[in-house]
Amino acid sequence: MPDHPQTQKEQPRRRQARGERRIAQLLEAAARVFCTTGYTAASTNAIAREAGVSPGTLYQFFPNKEAIAIELGDRLVHEMRDTYGEALAPVDPATPLEEAIGAAIDRFMAFNTEHPVFFALMHGPDIPGRMAETHDQLHTTLIGRIEDLLGSLMPGAAPADVTRTAHICLGVYKAGLELVLAHEGAERAAYVQEIKNVLVRYLHPLVGDRLGRG
């Protein structure tokens, strides 16, 4: 007896769902391998082994490790954009500076500590060319969002001063992030707090105790 039309429609959907689950499994394995060995030393065989599948299964979905890294990077960049959209949203001028900085840093840190491979791929010395371009675009957009936020908090500042301040803030965060990712537990939390302290002390003379009031 031929399959019911509804069953025929469901079969491709089930295959697609299985494929998506397999891709997610491979990307999660790749993230662990890239974090452990770095991108250059990683291999498709190591990723397949970590995922518990054969290399042949991996090649059904990705032709090489660069394709895996790019797909992983694209998904993480999409999530990162959502993160900084929330973290750098306009702030109530009555918010204490320490509270505003703490909330923004916590959002960024939550993303970076949940996805350490993002830092490993985006800041490694040997990332694929397309990912380097994506990183540069993300950096430019992120600086622009920080400039917009700082510009509203430093209304009398020259644009060049706001841009410089934005670069310093992001540079402090990135430098601190490397230390945060290298530690665990209480020591990691202590480094996160140090980053917050540095940024509060840096920005306090520029924006005052409360945002929007010098």
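D106 is partly exposed in this predicted model, because its relative accessible area of 39% falls between the 20% and 50% cut-offs. You'll find D106 in helix 5. Across from it in space is V192: the two C-alpha atoms are 8.3 Å apart, although the residues are 86 apart in sequence.

**The largest pocket**

Helix 5 is also a good way into the pockets. The largest pocket holds about 630 Å³ of space. Its lining runs to 38 residues, and the ones nearest the centre are L88, A104, I105, F108 and I146. Several elements each give two or more residues to that lining: helix 4 (65-87), helix 5, helix 6 (116-122), helix 7 (129-153), helix 8 and helix 9 (185-207). Helix 5 gives the largest share, with 10 residues. As for chemistry, the lining of the largest pocket splits into 29 nonpolar, 5 polar and 4 charged residues.

**The second largest pocket**

Where does the second largest pocket lie with respect to domain 1 and domain 2? It lies between them, because domain 1 (17-62) and domain 2 (70-206) both give residues to its lining. The volume of this second largest pocket is about 290 Å³. It has 18 lining residues, with F34, C35, P116, F119 and A120 nearest its centre. Helix 1 (5-37) and helix 6 are the elements that give two or more residues to this lining. Helix 6 makes the largest contribution, at 4 residues. By class, you get 10 nonpolar, 5 polar and 3 charged residues around the second largest pocket.

**Aromatic pairs**

Searching the whole structure turns up 3 aromatic pairs. Two of them are set out here.

| Pair | Distance between ring centres | Angle between planes |
|---|---|---|
| F34 and Y39 | 5.6 Å | 50 degrees |
| F108 and Y173 | 5.7 Å | 55 degrees |

What kind of pair do F34 and Y39 make? With planes at 50 degrees they sit between the 30 and 60 degree cut-offs, so the pair is tilted. F34, one of the residues nearest the centre of the second largest pocket, is buried, with a relative accessible area of 2%. Y39 is buried too, at 13%. Y39 has another neighbour: K65 lies over the face of its ring, 4.6 Å from the ring centre.

F108 and Y173 have their planes at 55 degrees, so this pair is tilted as well. Why does this pair tie together parts that are apart in sequence? F108 is in helix 5 (residues 97-114) while Y173 is in helix 8 (residues 159-181), so the contact bridges parts that are 65 residues apart in the chain. Both F108 and Y173 are buried. You've already met F108 as one of the residues nearest the centre of the largest pocket.

**Helix 2**

One last stop is helix 2 (residues 44-51). Its buried residues include T44, A46, I47, A48 and A51. An α-helix has 3.6 residues a turn, so residues three or four places apart point the same way. Just after helix 2 comes G52, which takes a positive phi of about 75 degrees.

Conventions: Residues numbered from 1 in each chain as written. Predicted model: local features only at pLDDT ≥ 70, side-chain atom pairs only at ≥ 80, totals over all residues. Heavy atoms only, no water. Phe/Tyr/Trp six-rings, centres within 6.5 Å; stacked < 30°, edge-to-face > 60°. Buried < 20%, exposed > 50% of the residue type's maximum accessible area, 1.4 Å probe, protein only. Lys NZ or Arg CZ within 6 Å of the ring centre and 35° of its normal. 1 Å grid on protein atoms, 1.4 Å probe; cavity = no way out; pocket = protein on both sides within 12 Å on 5 of 7 lines; lining within 4 Å. Points joined across faces, edges and corners; volume = space filled by probe spheres on them. Nonpolar A, V, L, I, M, F, W, Y, C, P; charged D, E, K, R; others polar. Domains from an automatic or database assignment.
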